[in-house]
Amino acid sequence: MPKKILRWGGLAFLVFFVAYRPQSAANVVTTIGGSLLDIANGFGDFFAQLGG
């Protein structure tokens, strides 16, 4: 039951955040995406060095 409440509460917060602060929400997504891309590039460089 608590998981269900937390899930719906998180979804409601996400909708509220996007609806009332779209620029901030876009900045968060951009930052997270950039971080994930940096991590992927780091792994790619690591494995490229192993093969070289």
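The expected span of a helix is 1.5 Å times one less than its number of residues.

**Figure 1. Helix α1, end to end, in a predicted model.** With the rule above, the 19 residues of α1 should cover 27 Å, and the end C-alpha atoms sit 26 Å apart, which agrees. Helix α1 takes in residues 2–20. How many of its 19 residues are buried? The count is 0, so α1 is hardly covered, given that buried means under 20% relative accessible area. A12 is one of the residues placed in this helix, and A12 comes out as partly exposed, at 47% relative accessible area.

**Figure 2. The whole chain, for orientation.** Here we step back to see where the other views belong. The chain has 2 helices and 0 strands. Its radius of gyration is 18 Å, well over the 10 Å that the globule rule gives for 52 residues, so the chain is more spread out than a compact globule. Taken along the principal axes, the box filled by the C-alpha atoms is roughly 50 × 30 × 5 Å. Just 2% of the 52 residues count as buried. The chain exposes about 4800 Å², and carbon and sulfur atoms supply 71% of that area.

**Figure 3. The F13 and F17 rings in helix α1.** The chain as a whole has 3 aromatic pairs. Stacked or edge-to-face: how do F13 and F17 meet? Their ring centres are 5.9 Å apart and their planes are at 10°; planes under 30 degrees apart count as stacked, so this pair is stacked. Both residues belong to α1 and are 4 residues apart, about one turn of the helix. F13 is exposed, with 53% relative accessible area, while F17 is partly exposed at 25%.

**Figure 4. The F46 and F47 rings, another aromatic pair.** The ring centres of F46 and F47 are 5.2 Å apart. Their planes are at 70°, and anything over 60 counts as edge-to-face, so that is the label this pair gets. F46 is partly exposed, at 47% relative accessibility. F47 is exposed, at 51%, since the cut-off for exposed is over 50%.

**Figure 5. A nonpolar patch on the surface.** Which residues form the patch? They are V28, I32, L36, I39, F43, F46, F47 and L50, and together they have about 840 Å² of accessible area. The two rings from the previous view, F46 and F47, turn up again here as patch members. V28, another member of the patch, is found in helix α2, which covers residues 22–51. With a relative accessible area of 38%, V28 is partly exposed.

**Figure 6. V29, with W8 and A12 as reference points.** V29 is part of helix α2 and counts as exposed, at 58% relative accessibility. How far apart are V29 and W8, C-alpha to C-alpha? They are 20 Å apart in space, with their positions 21 residues apart in sequence. A12, from helix α1, lies 17 Å from V29 by the C-alpha atoms, and those two are 17 residues apart in sequence.

**Figure 7. D38 in helix α2, with L14 for scale.** D38 is a residue of helix α2. Its relative accessible area is 55%, so D38 is exposed. C-alpha to C-alpha, D38 and L14 are 25 Å apart, and along the sequence they are 24 residues apart.

Key: Residues are numbered from 1 along each chain as its sequence is written. This is a predicted model: local features need pLDDT of at least 70, side-chain atom pairs count only at pLDDT 80 or more; totals for chains, interfaces and linings use all residues. Side-chain values use heavy atoms; hydrogens and water are left out. The radius of gyration is taken over C-alpha atoms; the globule rule is 2.2 Å times the number of residues to the power 0.38. Buried means under 20% relative accessible area, exposed over 50%, partly exposed in between (1.4 Å probe, protein chains only). Accessible areas come from the Shrake-Rupley method with a 1.4 Å probe; for residues, only the protein chains shown count as cover. Patches are made of residues with over 30% relative accessible area and no salt bridge: like charges are joined within 9 Å, nonpolar side chains (Val, Leu, Ile, Met, Phe, Trp, Tyr) within 5 Å. A salt bridge is a side-chain nitrogen of Lys or Arg within 4 Å of a carboxyl oxygen of Asp or Glu. Rings of Phe, Tyr and Trp (its six-membered ring) pair if their centres lie within 6.5 Å; planes under 30 degrees apart count as stacked, over 60 as edge-to-face and the rest as tilted.
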